[in-house]
Amino acid sequence: MTEVLSPVVSERIWALPISGSSVKFYNYLLYRSDFGGHLPIKQKDMAREYSVTPQAVSNLMAPLCDLNIVLRPKNEDGGKGNSYRLHPLAAKYASPEDMENSFRQAIASIKAGDLPNLKLPSYATVPPAEGRPNLQVA
């Protein structure tokens with residue numbers, strides 16, 4: 001089965017204001033996630049698999065949570081839960097059609113206030129279509 005990565009984040013991850021370690025951890029989360037973004041793994045198990053401490057997982061995930069790339073659902077009692085999920089606009093999908101349908105639902109949920117929007121930086125100019133920009137020192 002071919003999987004489809006959301007271009008909203010995957011093509012711009014290099015431009016985000018996060019460390020390279022968090023970018024690498026995002027790739028791990030994509031690998032471990034189900035289609036649509038559900039992460040069927042607890043933080044302590046992530047730490048074991050990733051060969052770091054649970055605190056290191058928290059540190060790697062914090063900037064991703066700050067940008068709403070990773071969401072931490074609330075418990076019924078209003079507190080934060082121990083489970084995580086990738087934002088629908090930052091997840092992987094089984095097909096382009098699944099991604100398109102999920103994006104439509106996510107945008108409607110964002111507009112309704114039921115889902116936070118991604119906090120990605122705005123571009124002053126259009127980013128390059130492929131690869132990194134040509135950054136040269138004058």
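**Exercise 1. The buried side of helix 3**

Which helices do the buried residues of helix 3 pack against? Identify those residues, then place them on the helix.

*Solution.*
Step 1. The model is predicted. Its protein chain averages a pLDDT of 84, and 80% of the residues score at least 70.
Step 2. List the buried positions. In helix 3 these are Q43, M46 and A47.
Step 3. Look down the axis of helix 3. The buried residues fall within an arc of 100°, so they line one face of the helix.
Step 4. Recall the helical repeat. An α-helix has 3.6 residues a turn, so residues three or four places apart point the same way.
Step 5. Check the other side of helix 3. K44 and R48 are exposed there.
Step 6. Name the partners. The buried residues of helix 3 pack against helix 2 and helix 4 (54-66).

**Exercise 2. Helix 2 against helix 3**

Describe how helix 2 and helix 3 cross, and give the make-up of their contact.

*Solution.*
Step 1. Choose the descriptors. Two packed helices are described by the angle between their axes and the distance between the axes.
Step 2. Read both values. The axes of helix 2 (residues 20-32) and helix 3 (residues 43-50) cross at roughly 110° and come within 12 Å.
Step 3. Classify the angle. The range for roughly perpendicular is 65 to 115 degrees. Helix 2 is therefore roughly perpendicular to helix 3.
Step 4. Collect the residues. Helix 2 supplies S21, K24, F25, Y28, L29 and R32, while helix 3 supplies M46, E49 and Y50.
Step 5. Sort them by class. The contact of helix 2 with helix 3 has five nonpolar, one polar and three charged residues.

**Exercise 3. Helix 2 against helix 4**

Repeat the analysis for helix 2 and helix 4.

*Solution.*
Step 1. Take the geometry. The two axes come within 9 Å, and their crossing angle is roughly 90°.
Step 2. Classify it. Helix 2 is roughly perpendicular to helix 4.
Step 3. Collect the residues. On helix 2 they are S21, S22, F25, Y26 and L29; on helix 4 they are V57, N59, L60, M61, P63 and L64.
Step 4. Sort them by class. This contact of helix 2 with helix 4 holds eight nonpolar residues, three polar and no charged.

**Exercise 4. Helix 3 against helix 4**

At what angle do helix 3 and helix 4 pack, and which residues meet?

*Solution.*
Step 1. Take the geometry. The packing angle of helix 3 and helix 4 is about 100°, with their axes 8 Å apart.
Step 2. Classify it. These two helices are therefore roughly perpendicular to each other.
Step 3. Pair the sides. From helix 3, Q43, M46, A47 and Y50 meet P54, V57, S58, L60 and M61 in helix 4.
Step 4. Sort them by class. The contact of helix 3 with helix 4 counts seven nonpolar, two polar and no charged residues.

**Exercise 5. Positive phi outside glycine**

Where do S51 and N68 lie? Is each one buried or exposed?

*Solution.*
Step 1. Start with S51. Its phi is positive, near 60°, in a residue other than glycine.
Step 2. Locate S51. This residue follows helix 3 and lies in the loop between helix 3 and helix 4.
Step 3. Test the accessibility of S51. The cut-off for exposed is over 50%. S51 has 65% relative accessibility, so S51 counts as exposed.
Step 4. Turn to N68. Its phi is also positive, about 65°, although N68 is not a glycine.
Step 5. Locate N68. The residue sits in the loop between helix 4 and strand 2.
Step 6. Test the accessibility of N68. Buried means under 20%. N68 has a relative accessible area of 12%, so N68 is buried.

**Exercise 6. A serine in helix 5**

Is S102 buried or exposed, and which residues does S102 touch?

*Solution.*
Step 1. Locate S102. It lies in helix 5 (residues 96-112).
Step 2. Apply the cut-off of under 20% for buried. S102 has a relative accessible area of 15%, so S102 is buried.
Step 3. Set aside residues up to four places away in sequence. S102 then touches P88 and Y93.

**Exercise 7. The whole chain**

How many helices and strands does the protein chain have, and in what pattern?

*Solution.*
Step 1. Count the elements. There are five helices and four strands.
Step 2. Read along the sequence. The pattern is β-α-α-α-α-β-β-β-α.
Step 3. Compare confidence by element. Helix 1 (residues 7-10) has the lowest mean pLDDT, 82, and strand 2 (residues 70-71) the highest, 95.
Step 4. Check burial. Of the 138 residues, 36% count as buried.
Step 5. Check contact range. Among contacts with a separation of 6 or more, 60% join residues 24 or more positions apart.

Definitions and conventions
Residues numbered from 1 in each chain as written. Predicted model: local features only at pLDDT ≥ 70, side-chain atom pairs only at ≥ 80, totals over all residues. Heavy atoms only, no water. pLDDT = per-residue confidence, 0-100. Axes fitted to C-alpha atoms, helices over the stretch in contact; angles between N-to-C directions. Parallel < 35°, antiparallel > 145°, perpendicular 65-115°, else oblique. Contact = heavy atoms within 4.5 Å. Nonpolar A, V, L, I, M, F, W, Y, C, P; charged D, E, K, R; others polar. Buried < 20%, exposed > 50% of the residue type's maximum accessible area, 1.4 Å probe, protein only. Arc of directions from axis to C-beta.
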